[in-house]
Amino acid sequence: EKKAFSGAYLHQYTGRRFVSTDNLEWLPGFYTASLMFQYTCRRIFSIRVKALSFHLAAENIWDVRFESLANRPMPGRSWRTGILFSW
């Protein structure tokens, strides 16, 4: 975090998931990572907003192929952006 800018790197591990009732079949564990940046303007009185934040995030930045449910592949690298108003 530096003045109005902030950033984060998130690394997550999900262990293997059993897909059968007898726990003899499973999906392998996987790692994913996200990178996020945010810029926040504070006390914008002209529009009566205490804070206005803009953020940009890259999800699954290592483009890992994985399944959370059997035979249902999850998306690869993706982007997310947004604006947050606080009053």
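Start by selecting F18: its relative accessible area is 40%, so this residue is partly exposed. Keep in mind as you go that you are looking at a predicted model.

**Stop 1: the rings at F18 and W26**

Add W26 to the selection. The two residues form an edge-to-face aromatic pair, with 6.2 Å from centre to centre and 80° between the planes. W26 is partly exposed as well, at a relative accessible area of 41%. Now show R16: its charged end sits over the ring of W26, 4.3 Å from the ring centre. This group is a good one to view with side chains as sticks.

**Stop 2: a stacked pair**

How many aromatic pairs does a search of the whole structure find? There are four, and F18 with W26 is one of them, in the edge-to-face arrangement. For another, select F30 and F66: their ring centres are 4.2 Å apart and their planes meet at 20°, so this pair is stacked. F30 belongs to strand β4, while F66 is in the loop between β5 (49-59) and β6 (67-69), so the pair ties together parts 36 residues apart in sequence. Are these two residues buried or exposed? Both F30 and F66 are buried.

**Stop 3: T32**

Stay on strand β4, which covers residues 30-44, and pick T32. With a relative accessibility of 16%, T32 falls under the 20% limit and therefore counts as buried. Leaving aside residues up to four places away in sequence, T32 touches L10, H11, Q12, N60 and F66. If you like a distance label, draw one from the C-alpha of T32 to that of R77: they are 9.9 Å apart in space and 45 residues apart in sequence.

**Stop 4: the salt bridge**

Next, select E59 and R80. Their side chains meet in a salt bridge, 2.6 Å from N to O, and the structure holds one such bridge. It links distant parts of the chain, 21 residues apart: E59 is in strand β5, and R80 is in strand β8 (residues 78-86). Both ends have some accessibility: E59 is partly exposed at 22%, and R80 is partly exposed with a relative accessible area of 37%.

**Stop 5: a nonpolar patch**

Finish with a surface view. Which residues make the nonpolar surface patch of about 720 Å²? Select F5, Y39, F54, I83, F85 and W87 to see it. One of them, F5, lies in strand β1, residues 5-14. F5 has a relative accessible area of 53%, so it counts as exposed.

Conventions
Residues numbered from 1 in each chain as written. Predicted model: local features only at pLDDT ≥ 70, side-chain atom pairs only at ≥ 80, totals over all residues. Heavy atoms only, no water. Patch = residues over 30% accessible without salt bridge, like charges linked within 9 Å, V, L, I, M, F, W, Y side chains within 5 Å. Areas by Shrake-Rupley, 256 points an atom, 1.4 Å probe, with all protein chains shown as cover. Salt bridge = Lys/Arg side-chain N within 4 Å of Asp/Glu carboxyl O. Helix = DSSP H or I, 4+ residues; strand = E, 2+ residues; numbered from the N terminus. Buried < 20%, exposed > 50% of the residue type's maximum accessible area, 1.4 Å probe, protein only. Contact = heavy atoms within 4.5 Å. Phe/Tyr/Trp six-rings, centres within 6.5 Å; stacked < 30°, edge-to-face > 60°. Lys NZ or Arg CZ within 6 Å of the ring centre and 35° of its normal.
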